[in-house]
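Work through the exercises below with the sequence and the model in view. Each task is followed by a solution in steps.

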Amino acid sequence: MPYSPFSPFEHENLAPRRRRFRTIPVRTLVPNIITLLALCAGLTAIRLAAEGTLEWAIYAIVFAAVLDGIDGRVARLLKGTSRFGAELDSLADFVNFGVAPCVTLYFWGLHEIKSAGWIAAMVFAIAGGLRLARFNVMIDDPNRPPWAGNFFIGIPAPAGAITVLLPVYVQFLGLPRLGFVAPATLVYTLAIAFLMVSRLPVFSGKRVGTRVPPDLVLPVFVGVVLFFALLIAYPFEVLTIGTVIYLASLPLGLLSYRKYVRRDAEAQARAADSAKPSDRLVDRSADTGTLAPDKPVLPFDSDDEQPTRH
């Protein structure tokens, strides 16, 4: 019998061990499934725009925006937030709110001005990607004040996608399409792209709706049902009015942000003023060699007189 360094009873230990992966809770899968559904809606919007069915392309983009607003709240509600979900959400947002709107705008009217229209569409998509990258970097900033969570820096990608499609909404309302519409849409697209990558503070709305008073539960239900009923019955009217109101509210976000900054500056100034007297006392005592006035001075606390012990 050949010599073996292993005992015949150790054959089971020599078999390769399978690596057991940790089970994933279902609560972490639900937000990612919603994000993937939104991504499917965005990709479908690109296909519908290429086929010329622009109305359904807009519906798909709006549906993706609704799902994007749900997945984050569901993740926080179920405590299923993860780094993977955040990265997946950013990639889906670039397709849904960067690529899909610019393709829709190009096939709608920007193709009439040829290369200039395509450049404007690309600039909007690139601005959406830059906006999302900056958001991912700034969200981990430890120096942000607590109130900064009430604001976005620049128009967020979903709002930018809904806002940039305003010329398409207006046409579907039945207004005539004149010759200057395409150049005006080009300028408008570049303006929205600039607002997305700008430093303009915009209300986030993330902390709105976390708590509802008991007496407002039924009115909130009625308001949400009424809004979606109007959106389904009069989609382009609701989208047009909502876009105009959103653009008109941008200066309010800037004023509110400056109020928070001014309040922080005043608080720091008050803290500095309250700390100045003690600093002055310490400096004066260090310069003159005397004790600070807040400490009682005894008769024998001089250099030439010491207490005598009897």
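## Exercise 1: A charged patch

Arg-258, Lys-259, Arg-262 and Arg-263 together form a positive surface patch. The model is a predicted one.

Task: Locate Arg-258 in the chain and state whether it is buried, partly exposed or exposed.

Solution.
- Step 1. Arg-258 belongs to helix H10, which covers residues 235–288.
- Step 2. The relative accessible area of Arg-258 is 49%.
- Step 3. Exposed requires over 50% and buried requires under 20%, so Arg-258, at 49%, is partly exposed.

## Exercise 2: The order of the elements

Task: Count the helices and strands, and write their order from the N terminus.

Solution.
- Step 1. The chain contains ten helices and two strands.
- Step 2. Read from the N terminus, the order is α-α-α-α-α-β-α-α-α-β-α-α.
- Step 3. The chain has 310 residues, and 32% of them count as buried.

## Exercise 3: A nonpolar patch

Task: Which residues make the nonpolar surface patch, and which elements give two or more residues to it?

Solution.
- Step 1. The patch is made by Trp-118, Ile-119, Met-122, Val-123, Ile-126, Leu-130, Leu-190, Phe-194 and Val-197, and its area is about 810 Å².
- Step 2. Two or more residues are given by helix H5 (115–138) and by helix H8 (181–197).
- Step 3. H5 supplies the largest share of this nonpolar patch, six residues.
- Step 4. Leu-190 lies in helix H8. With a relative accessible area of 34%, Leu-190 is partly exposed. A residue needs over 30% to be taken into a patch, so the 34% of Leu-190 meets that cut-off.

## Exercise 4: Salt bridges

Task: How many salt bridges does the structure hold, and which residues form them?

Solution.
- Step 1. The structure has two salt bridges. As background, side chains of opposite charge can pair when their charged atoms come close.
- Step 2. One salt bridge joins Glu-51 and Arg-47, with 2.9 Å between the closest N and O atoms.
- Step 3. Glu-51 and Arg-47 are four residues apart in helix H2 (residues 26–51), which means that about one helical turn separates them.
- Step 4. Glu-51 is partly exposed at a relative accessible area of 49%, whereas Arg-47 is exposed at 55%.
- Step 5. Another salt bridge is made by the side chains of Glu-87 and Arg-83, at 3.1 Å from N to O.
- Step 6. Glu-87 and Arg-83 are also set four residues apart, in helix H4 (residues 83–108), so they too are separated by about one helical turn.
- Step 7. Glu-87 counts as partly exposed, at 34% relative accessibility. Arg-83 is exposed, with a relative accessible area of 51%.

## Exercise 5: Cysteines

Task: State how many disulfides a search of the whole structure finds, then classify Cys-40 and Cys-102 as buried, partly exposed or exposed.

Solution.
- Step 1. The search finds zero disulfides.
- Step 2. Cys-40 has a relative accessible area of 45% and is partly exposed.
- Step 3. Cys-102 has 5% relative accessibility; the cut-off for buried is under 20%, so Cys-102 counts as buried.

## Exercise 6: A backbone angle

Task: What is the sign of phi at Lys-114, and where is this residue found?

Solution.
- Step 1. Most residues other than glycine have a negative phi.
- Step 2. Phi of Lys-114 is near 55 degrees, which is a positive value in a residue other than glycine.
- Step 3. Lys-114 sits in the loop between H4 and H5.
- Step 4. At 63% relative accessibility, Lys-114 counts as exposed.

## Exercise 7: Distances between C-alpha atoms

Task: Give the C-alpha separation for Arg-47 and Ala-57, and for Pro-31 and Asp-71.

Solution.
- Step 1. Arg-47 is in helix H2. Along the chain, Arg-47 and Ala-57 are ten residues apart, and their C-alpha atoms are separated by 7.9 Å.
- Step 2. Pro-31 is in helix H2. Pro-31 and Asp-71 are 40 residues apart along the chain, and 4.9 Å separates their C-alpha atoms.
- Step 3. Arg-47 is exposed, with a relative accessible area of 55%, whereas Pro-31 is buried, with 5%.

Technical notes:
Residues are numbered from 1 along each chain as its sequence is written. This is a predicted model: local features need pLDDT of at least 70, side-chain atom pairs count only at pLDDT 80 or more; totals for chains, interfaces and linings use all residues. Side-chain values use heavy atoms; hydrogens and water are left out. Patches are made of residues with over 30% relative accessible area and no salt bridge: like charges are joined within 9 Å, nonpolar side chains (Val, Leu, Ile, Met, Phe, Trp, Tyr) within 5 Å. Accessible areas come from the Shrake-Rupley method with a 1.4 Å probe; for residues, only the protein chains shown count as cover. A salt bridge is a side-chain nitrogen of Lys or Arg within 4 Å of a carboxyl oxygen of Asp or Glu. Lys and Arg count as positive and Asp and Glu as negative; His and the chain ends are not counted. The place of a charge is taken as NZ of Lys, CZ of Arg, CG of Asp or CD of Glu. Buried means under 20% relative accessible area, exposed over 50%, partly exposed in between (1.4 Å probe, protein chains only). A disulfide is a pair of cysteine sulfur atoms within 2.5 Å.
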